[in-house]
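Student: I am looking at this structure without having met it before. Please take me through the terms used for it, and show me how each value is set against its definition.

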Amino acid sequence: MNASIGERLDNPETAREEGRRKMDWAREHMPILASLRETFDANQPFAGEVIGMAMHVEAKTAVLAELLAEGGAEVAITGCNPLSTHDDVSAALNAHENVTSYAERGVDDEAYYGAMESVIAHEPTITVDDGMDLIAAIHEEYPELIDTIVGGCEETTTGVHRLRAMDDDDALEYPVFAVNDTPMKRLFDNVHGTGESVLASIAMTTNLSYAGKTVVVGGYGDCGRGVAKKAAGQNARVIVTEVDARRALEAHMEGYEVMPMREAAAEGDVFVTTTGNRDVITAEDFENMQDGVLLTNAGHFDVEIDLVALEELAAEVTQPRDGIEAYVMPDGRELNVLAEGRLVNLATPVALGHPVEVMDQSFGVQAVCVRELVESGDEYEAGVHDVPDDLDKEVAEIKLDAEGVAFDGLSETQTEYMGSWQHGT
C-alpha cells in the first residue's frame, strides 16, 4: 500500500496552492455540482459513508470528490490511469479534512495497484470507478468487504463493458450504476467531451493542424462520433473503421468514408482509436502507414494500438517532442505514438481532459447516483443497473436552470394521449 500524495511530494505546499487554483477555476464553471453542493452541505446525505474512488484525478474530478466529502462522506481516491493524475490537484484534494488522495502521476504498475489497495484499506461502503479497476480489485482480492458495500457507479464505456461481462458471468456481487450509458453522460461527455478534448490534446502536443489531413477514427460509438464530427469541423477528411454493420452504415450515411483499417492505414495522417477493445491497429497496419503519422488512443486502456508489435518492427525509438515517441521503421518511416498509447486527452503532458461544463453534467449524474445508493441501495440487486431516468432528468433540469433556458411541459391532455392505446385515426 502507498502513502498519501502529501507525503511523497518534495514541495507539497506549493503543489497544493497550484492545485487549488485549478480546482477553483473548474468549480466556478460547474453549476450542477454547485446546486447539489447546497443541498448536500445542508442535508449531509453521506454522513457515515466511506466512498472509494478510482478516477482521473484532475481539477474537475477533484470538485466531485470534494462535493461528496462536503456531503458528509469520508473519501479515499486514487488514479485510474498512471498518466492522467495532476499531482498538484491530488495534493490540494488531499488537504481536505475528509479526503485522502493516493493518486500520483507516472507511477509503475506496482505503485498504481498499491494506491488502489490503499483506497480499499479505508473499507469503502460505496465505490465510484472509471474503468472498473477498483471494483475488480475488491472482488478478486478483498471479497470480505462486499457485504458492507452498498453499491457503486461506473463512469466510462470500457468499465461498463467489463462490468456487463462480469455480470453475465454472475461474478458481480453488488449493484453498480452504468453512469456511462445514461443520456446526460453519453450524449454530451462521450460525443462533445471526447471529441473536443482528444483533438485539442493532439493539437497542443504536436502543434499541427487538422485542415487538409486525413483523420482515421477507429470505432463509431458515441466517442467515435464525436471525434469524427469535430475533426470534420476542422476541415479534415474523415475515415471511419467499424466492425458493426449498423454503425458502419450510420457513418456512411453521415457522409464519412468507411473502410477496413487495413485500407485506412495507407490513407491516414492521424489515427484515433475509440473502441474499448484491443488490437484495433496492428502490425499489418503499421507496415502500410505513411511517414509521420500520428497514432493516438481515446479508449480507456493502452491496448488498442499494438505497441508490442510496433516496438518489434522499429529500428529505434526517439522522442521528438514531450509526449511523443517516434518509432523509426527500418525503411526510415516514423510512426509517432502520443501518450504511450494511453488516453490521449488525459495522458499527454499538456492534457486537460474534457471541458469543464461537460464534466459538470457527468459528475452531476455520479453525485445523484451516489445519493440514490445511500437512500435506496437496498432496493437494487447485485448487477449492472441503468441510471433511473428521473435522476438523469434532474441533472438536465439543473443545467437548464443554470443556463437560463426554459422548456415546455406536457399538458394533462397530452399526457393522457401519450399514455393511452385507445386513440386511433
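**Values and their definitions**

Tutor: Let us begin with the largest cavity, where β2 (74–79) and α5 (109–120) each supply at least two residues of the lining; these labels stand for DSSP runs numbered from the N terminus, a helix being H or I over at least four residues and a strand E over at least two. The model is a predicted one, in which local features need pLDDT of at least 70 and side-chain atom pairs count only at pLDDT 80 or more, while totals for chains, interfaces and linings use all residues. Residues are numbered from 1 along each chain as its sequence is written, and side-chain values use heavy atoms, with hydrogens and water left out.

Student: What makes the largest cavity a cavity, and what is its volume?

Tutor: The name is given to a set of points, on a 1 Å grid over the protein atoms alone, where a 1.4 Å probe fits but cannot get out. The points are joined across faces, edges and corners, and the volume is the space filled by probe spheres set on them; for the largest cavity this comes to about 60 Å³. The count, taken at 30 Å³ or more, is 1 cavity.

Student: Which residues line the largest cavity, and of what classes are they?

Tutor: A lining residue has an atom within 4 Å of a point, and 14 residues line this cavity, with T78, G79, E104, V107 and Y112 lying nearest its centre. The largest share of the lining, 3 residues, comes from α5. Ala, Val, Leu, Ile, Met, Phe, Trp, Tyr, Cys and Pro count as nonpolar, Asp, Glu, Lys and Arg as charged, and the others, Gly among them, as polar; sorted in this way, the lining has 7 nonpolar, 5 polar and 2 charged residues.

Student: Why is the pair E196 and K230 called a salt bridge?

Tutor: The term requires a side-chain nitrogen of Lys or Arg within 4 Å of a carboxyl oxygen of Asp or Glu, and for E196 and K230 the N to O distance is 3.2 Å, so the pair qualifies. E196 lies in helix α8 (residues 183–206) and K230 in helix α9 (residues 222–233), so the pair ties together parts that are 34 residues apart in sequence. The structure holds 27 salt bridges, and R20, D24, R27, R37, E66 and E70 are linked in a network of them.

Student: Why do E196 and K230 get their accessibility labels?

Tutor: Buried means under 20% relative accessible area, exposed over 50%, and partly exposed in between, with a 1.4 Å probe and protein chains only. K230, at 17%, is therefore buried, whereas E196, at 37%, is partly exposed.

Student: What makes E394 and R371 a salt bridge, and which labels do they carry?

Tutor: Their side chains meet at 2.7 Å, N to O, and this fits the definition. E394 lies in helix α16 (residues 389–403) and R371 in helix α15 (residues 356–376), so the pair joins parts that are 23 residues apart in sequence. E394 has a relative accessible area of 23% and is partly exposed, while R371 has 15% and is buried.

Student: How do you know that D392 has no salt bridge?

Tutor: D392 also lies in helix α16. Lys and Arg count as positive and Asp and Glu as negative, with His and the chain ends not counted; the nearest side chain of opposite charge, R186, is 7.8 Å away from D392, which is buried. Leaving out residues up to four places away in sequence, D392 touches T182, P183, M184 and V365, a contact being heavy atoms within 4.5 Å.

Student: Why is helix α4 described as mostly covered?

Tutor: Of the 8 residues in α4 (residues 87–94), 7 are buried, namely D88, V89, S90, A91, A92, L93 and N94. What covers these buried residues includes α1 (12–28), α3 (59–70), β2 and β3 (99–101).

Student: What makes the phi of M132 worth pointing out?

Tutor: Most residues other than glycine have a negative phi. M132 has a positive phi, near 80°, although it is not a glycine. M132 lies in the loop between β4 (126–129) and α6 (133–141), and at a relative accessible area of 4% M132 is buried.

Definitions and conventions: 1 Å grid on protein atoms, 1.4 Å probe; cavity = no way out; pocket = protein on both sides within 12 Å on 5 of 7 lines; lining within 4 Å.
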